Amino acid sequence: MTDHMACRQTQERIAVLLAGAADRRERLEIESHTSACARCATAYRDYIATSVALDRAYAPLRHATVALSPARVRLAMRVPEPVPAPVRFSRVVARVNEFALAAAVTAFAFVGAGSVAPKPAITDEAVPTDVLTPNMHVGTMGDDQSFIRWFRIGRYATPSDLLDPAVSPRSLADETPPATPERAGLLR
Amino acid sequence: MTGRAAKKAAEIDARTDRELVYAAREHDMLAFDALFYRYKDGIFRLGLAITKDPSAAEEIVVDTFARAHRALARLEPEGSLRPWLYRVAVNLSYNRRPRKGLVISTLEDATEEIVQGEERSPSRLAELAELRRVVLAAIDTLGPKHKVVVVLHYLNGLNLAEIAQVVDCPIGTVKSRLHYALRRLRAHLAAHPELGFEPLGASMATPGRIPLTAVERVRGPQE
């Protein structure tokens, strides 16, 4: 056996010795080899230091405990097993159907909302002006002022003022027949 | 606990794993609970050393015993149930091993807690914590096969024959893996002279008898 092989075998035995699995004969062989071989002597010393360092590094973890109850195991065993592939496929199909139905309902809601949406308001261009003018009262800010003015006049003015179309509001003027100049003159 | 219950618990604790497995097979939940309490801490430490995540280690304990319960009908432990349980735990640990850098190492925290409990100077505590950090980082550089052997031996205290049962390989392979792991660790730790390692290049020291005090302190006398 060459020296290299002897050294390799010895160093492997050193690991076994440090693991507590070498007998007395092996230990003596290791010691006799390391007393003559500097490389193996260094390896022996380093392996001892490595072993001690490992032992110390794991020392705190050796006291670690876990507060677990066997009930956790029983609970874990109640978890249903994974479903087989055919069942999974049918669930996927059902899911796709749900999405398709939801999309259809949403689309119907939007289309329906579009069909019953309020029509555009009637504009002045759509209706002839000559029809609108006498019958329609387009509200503006000025109307309120006219009403207040009319109300004040109706309360304090003489009755003849009420019949003056220039003073009365437009709506009232619409409802009352136009006063002829003769009649207006009589009243005056 | 009443005297009768305590007596029953003592009886269950005195039973072997094989007897407990057979009793659990007959739906004796107390027997299964006894197995759980007997091995939960060891499995937790094993999972914690590999995953470095306490919550993952707890799940590994639960999953290991859930599998054991499902496998009760075909379990035939000759002596101890420990190798079978540890084998399942090792597989589960490596299946859920997180990516590097994503898990906070609680192992170092636990180390520091223990160190702080001792009466030492702050500088000494810092030095010890640093040395442990270096050693644990060196262990992390090992491959899974070699790391398992190191963890099972140095943390869980399994002998080489039990490790061979756990990793399901011949005892010669376990010896070889342990030697390889020690050699790799020695190479990593040689960069830290404060640990007492000599640089690998300077290995031509004067031959002589190596004092075994360190070994005997750790492992006890061989005889």
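**Exercise 1. Two loop residues with positive phi**

Find the loop of chain B that holds B:His27, then work out whether this residue is buried or exposed.

*Solution.* Start with the location: in this predicted model, B:His27 sits in the loop between α2 (17-25) and α3 of chain B. Next, look at the backbone: phi of B:His27 is positive, about 65 degrees, although the residue is not a glycine. Finally, count neighbours. A residue is exposed if 12 or fewer other C-beta atoms lie within 10 Å of its own. B:His27 has 9 C-beta neighbours inside 10 Å, so it counts as exposed.

Now treat B:Lys52 in the same steps: where does it lie, and what is its phi?

*Solution.* B:Lys52 belongs to the loop between α3 and α4 (54-70) of chain B. Its phi is near 60 degrees, again a positive value in a residue other than glycine. For the last step, recall that a buried residue needs 20 or more neighbours, and that partly exposed covers the range between buried and exposed. With 19 C-beta neighbours inside 10 Å, B:Lys52 therefore counts as partly exposed.

**Exercise 2. The largest nonpolar core**

Identify which residues touch the most other members of the largest nonpolar core, and which helix gives the most to this core.

*Solution.* The core has 68 residues, and those touching the most other members are B:Ile43, B:Ala89 and B:Val151. Helix α3 (residues 29-51) of chain B gives the most, with 12 residues. Now zoom in on B:Ala89. Leaving out residues up to four places away in sequence, B:Ala89 touches B:Ile43, B:Leu46, B:Gly47, B:Ile60 and B:Thr64. As background, nonpolar side chains tend to be buried together in soluble globular proteins.

**Exercise 3. A helix pair**

Describe how α8 (residues 144-155) and α10 (residues 171-189) of chain B pack: what are the angle and the distance between their axes?

*Solution.* The two helices pack at an angle of about 95 degrees, and their axes are 9 Å apart. Angles of 65 to 115 degrees count as roughly perpendicular, so α8(B) is roughly perpendicular to α10(B). Then list the residues making the contact. From α8(B) come B:Lys145, B:His146, B:Val149, B:Val150 and B:His153, while α10(B) supplies B:Val174, B:Arg177, B:Leu178, B:Tyr180 and B:Ala181. Sorted by class, this contact has 6 nonpolar, 2 polar and 2 charged residues.

**Exercise 4. The chains side by side**

For each chain, state how many helices and strands there are, and what share of the residues is buried.

*Solution.* Take chain A to begin with: 10 helices and 0 strands. Of its 188 residues, 16% count as buried. Among chain A contacts between residues at least 6 apart in sequence, 42% join residues at least 24 apart. Turn to chain B: 11 helices and 0 strands. Here 34% of the 223 residues count as buried. For contacts in chain B with a separation of 6 or more, residues 24 or more positions apart account for 59%.

**Exercise 5. Confidence**

Decide where in chain B the confidence is lowest and where it is highest.

*Solution.* Begin with the overall scores: ipTM is 0.74 and pTM is 0.61. Chain B has a mean pLDDT of 76, with 74% of its residues at 70 or more. Within chain B, the lowest confidence falls in helix α11 (residues 213-219), at a mean of 43, and the highest in α8(B), at 90. Over residues 201-223 the pLDDT is below 50, and this stretch has 35 contacts in the model beyond near neighbours in sequence.

Terms used
Residues numbered from 1 in each chain as written. Chains lettered and ligands numbered in written order. Predicted model: local features only at pLDDT ≥ 70, side-chain atom pairs only at ≥ 80, totals over all residues. Core = buried A, V, L, I, M, F, W, Y, C linked by C-beta atoms within 7 Å. Helix = DSSP H or I, 4+ residues; strand = E, 2+ residues; numbered from the N terminus. Contact = placed C-beta atoms within 7 Å. Axes fitted to C-alpha atoms, helices over the stretch in contact; angles between N-to-C directions. Parallel < 35°, antiparallel > 145°, perpendicular 65-115°, else oblique. Nonpolar A, V, L, I, M, F, W, Y, C, P; charged D, E, K, R; others polar. pLDDT = per-residue confidence, 0-100.
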